[in-house]
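Me: I would like a close look at a single part of this model. Start from one residue, then work outward to its surroundings and the rest of the fold.

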Amino acid sequence: MLLSKLARFSLLRIAALVVVLFGTGGAVAFAQEEVASVEVAEETVAEAEVGLDQQIDEWFRPIAEKWGAVVFYSVELPGVGPLPLVLILLVGGALFFTIAFGFINLRLFPLAIEVVSGKFDEIEKQGQDIPKGVEVMEVDGDLVDTIRDEGEGEVSHFQALATAVSGTVGLGNIAGVAVAVATGGPGATFWMVVCGLLGMSTKFVECTLGVKYRDVDANGVVHGGPMYYLKKGLTELGLEPLGKVMGVLFAIFCVGGSFGGGNAFQSNQAAQQIKPLLGLPDTGTSGTIIGLVMAVLVAIVIIGGIKRIAKVTEKVVPVMALMYVIAALGIILMHIQSVPWAIGQVISGAFSLEAGFGGLLGVMVQGFRRAAFSNEAGAGSAAIAHSAVKTRFPASEGIVALLEPFIDTVVICTMTAIVIVLFNADGSFEWGQVESSTVLIDGARLGGVDLTSAAFDSVLPGFRYLLTIAIILFAFSTMISWSYYGLQSWKYLFGRSVAADLSYKLLFCLVVVVGAAVSLGSVIDFSDAMIFAMVFPNMIGLFLLFPKVRQELNAYLEAIGRK
């Protein structure tokens, strides 16, 4: 049945899809003209392909809902009401680390800029030298998700921070913010910022531990992340059985996170942008076909070992990230007279009791959920990439890492939210009136990237085409990165064999197809649940191991003369 549907899907459409995924603006225009010229014979694509995406969604939705109910189990707090336990752990932990380390997120912010600029590189190169193996996810010699230049010599503040922006802009900033603001109203933005500031402290702790307890195999390949610092760190504390269990639990949840937020969410939002670009219906088999094409491209890179596509993507992504930031800033400046009003909406919405105390908690939860999804502080994924950095002092990389939530959430997510609030100044849709994470605008349901795209396009006509290309590239790049995170966890569970490697990669590619086919509501529920499940073992480990982080911080500050 699926094969017959594939056969009926125009080969020209598939060719155009490949061009859209990795072509230039001119190629996209050409593809659109060619697709528009195709004459559909006896039946339309919609009629020929009705049902497959919906069938996959109907199968997938109960799984997402049930797992979400487990991960977001709420506890009743006296005088407060029900709150998801995982958010209490995440935000409470971040607040604890912020206080325990003397507001390190603010106090060491200037030092973080100095470290990332390369000021202390010579000190850090002394001593331990960690070789970089072929399995460490690198792009032209630099690690995915690290904002630090690992090359010889110093880099300027501008270069380092530009790299930071390009590495942190993604669909969490574009689609996730739209979901938060549409669901929780402008006030959700305030709580996203709060969570981002607190998350800086958590990121510092987990990335410091990631470097301290990393593992280097006989071939010089670096393996690191929470599964290693949970096992090795807790063993040091005399809690070896607990460490083993927590390490395994994290690895299982990280594999799930790589399938959810790192895969299904990315392919889903990319598919939502590709469909209108190619004139495909939002029903039928369009999502499945797009998912198949994307899965093939991902497979070429992660299974076939053909890195050229990834290299092209990684060279273009920083340009697209810069384009997005400039466009958002431009829109804000063009409406500078309305910005104070928008900020007022954010602040008043953050503390509004119009819907009662429960409504206020709902706004807070939305802000915290989307911020954590975007910057991943507390989930532990970043520690996997940061663990392979070359440095003698683990705390140096933790200090570098604390910049990421600030740039990602405090700066870029806030810019996106302000653009959406300005877009809805005339009441185009009702805040909080969502269905499957979408809002109703002029008879059409928009959510995630669609809503952000509409907000940008209302001020910069035609920008949606550039944003579509950017979203596709962001999604592809993120999938490649998360395939590395998931693979490290998979190998931790099943060993570092060829069979383990191939089995994970095949499953990962299958999820690309599922993600592109299902609805936004289903994929958000599933992705959130998978990412937040990682928080439980990781945050518990951070609580137990933070004294080790204090020792590493003191050692580094003493080495650079800042003690």
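Does glutamine 273 count as buried or exposed, and at what relative accessibility?

Reply: This is a predicted model, and every value here is computed from it. Glutamine 273 counts as buried, because its relative accessibility is 5% and the cut-off for buried is under 20%. Glutamine 273 lies in helix α14. That helix spans residues 240–277. A distant part of the chain comes in here. The C-alpha atoms of glutamine 273 and isoleucine 471 are separated by 7.8 Å. Along the chain, these two residues are 198 apart.

Now step back to the start of α14. The loop between α13 (226–236) and α14 holds leucine 239. Leucine 239 counts as partly exposed, because its relative accessibility is 31%. Leucine 239 also belongs to a nonpolar surface patch of about 500 Å². Its partners in the patch are Phe96, Leu237, Leu242, Ile540, Phe543 and Leu544. Helix α26 (residues 535–559) gives the largest share of this patch, three residues.

α26 also takes part in a charged contact. Glutamate 236 and lysine 548 form a salt bridge, at 3.2 Å from N to O. Glutamate 236 lies in helix α13 and lysine 548 in helix α26, so the pair ties together parts that are 312 residues apart in sequence.

That bridge is one of eleven in the structure. Another joins arginine 496 and aspartate 215, with the closest N and O atoms 3.2 Å apart. Arginine 496 sits in the loop between α23 (463–494) and α24 (498–517), and aspartate 215 in strand β5 (residues 215–216), so this pair links parts that are 281 residues apart in sequence. Arginine 496 is partly exposed, at 42% relative accessibility. Aspartate 215 is partly exposed too, with a relative accessible area of 23%.

Aspartate 457 and arginine 464 make a further salt bridge, their closest N and O atoms being 2.5 Å apart. Aspartate 457 counts as buried, at 16% relative accessibility. Arginine 464 counts as partly exposed, at 35%.

Salt bridges also form a network. Glu114, Lys119 and Arg562 are linked in this way. Glu114 is one of the buried residues of α8. The others are Leu111, Ala112, Ile113, Val115 and Val116. Helix α8 (residues 109–116) is mostly covered, with six of its eight residues buried. Glycine 118 follows α8 and has a positive phi, near 95°.

Two residues other than glycine also have positive phi. Phenylalanine 103 has a phi near 55°. Phenylalanine 103 lies in the loop between α6 and α7 (104–107). At 45% relative accessibility, phenylalanine 103 is partly exposed. Aspartate 442 has a phi near 50°. The loop between β7 (439–441) and β8 (444–446) holds aspartate 442. Aspartate 442 counts as exposed, because its relative accessibility is 79% and the cut-off for exposed is over 50%.

Last, the interior space. Rolling a probe the size of a water molecule over the atoms shows where empty space is left. The structure holds two cavities of 30 Å³ or more. The largest cavity has a volume of about 60 Å³. Its lining is made by Leu90, Val91, Ala94, Cys195, Leu198, Gly199, Thr202, Asn375 and Ala377. Two elements give two or more residues to that lining: α6 (85–100) and α12 (187–212). The largest share, four residues, comes from α12. By class, the lining of the largest cavity has six nonpolar residues, three polar and no charged ones.

The second largest cavity holds about 30 Å³ of space. Leu90, Ala372, Glu376, Ala377, Gly378, Ala379, Ile531, Phe532 and Val535 line the second largest cavity. Leu90 and Ala377 thus appear in both linings. The lining of the second largest cavity divides into seven nonpolar residues, one polar and one charged.

To return to the starting point: glutamine 273 is buried in the model, and its C-alpha atom is 7.8 Å from that of isoleucine 471.

Technical notes: Residues are numbered from 1 along each chain as its sequence is written. This is a predicted model: local features need pLDDT of at least 70, side-chain atom pairs count only at pLDDT 80 or more; totals for chains, interfaces and linings use all residues. Side-chain values use heavy atoms; hydrogens and water are left out. On a 1 Å grid over the protein atoms alone, a cavity is a set of points where a 1.4 Å probe fits but cannot get out, and a pocket is an open set with protein on both sides within 12 Å along at least five of seven lines; lining residues have an atom within 4 Å of a point. Grid points are joined across faces, edges and corners, and a volume is the space filled by probe spheres set on the points. Ala, Val, Leu, Ile, Met, Phe, Trp, Tyr, Cys and Pro count as nonpolar, Asp, Glu, Lys and Arg as charged, and the others, Gly among them, as polar. Patches are made of residues with over 30% relative accessible area and no salt bridge: like charges are joined within 9 Å, nonpolar side chains (Val, Leu, Ile, Met, Phe, Trp, Tyr) within 5 Å. Accessible areas come from the Shrake-Rupley method with a 1.4 Å probe; for residues, only the protein chains shown count as cover. A salt bridge is a side-chain nitrogen of Lys or Arg within 4 Å of a carboxyl oxygen of Asp or Glu. Buried means under 20% relative accessible area, exposed over 50%, partly exposed in between (1.4 Å probe, protein chains only).
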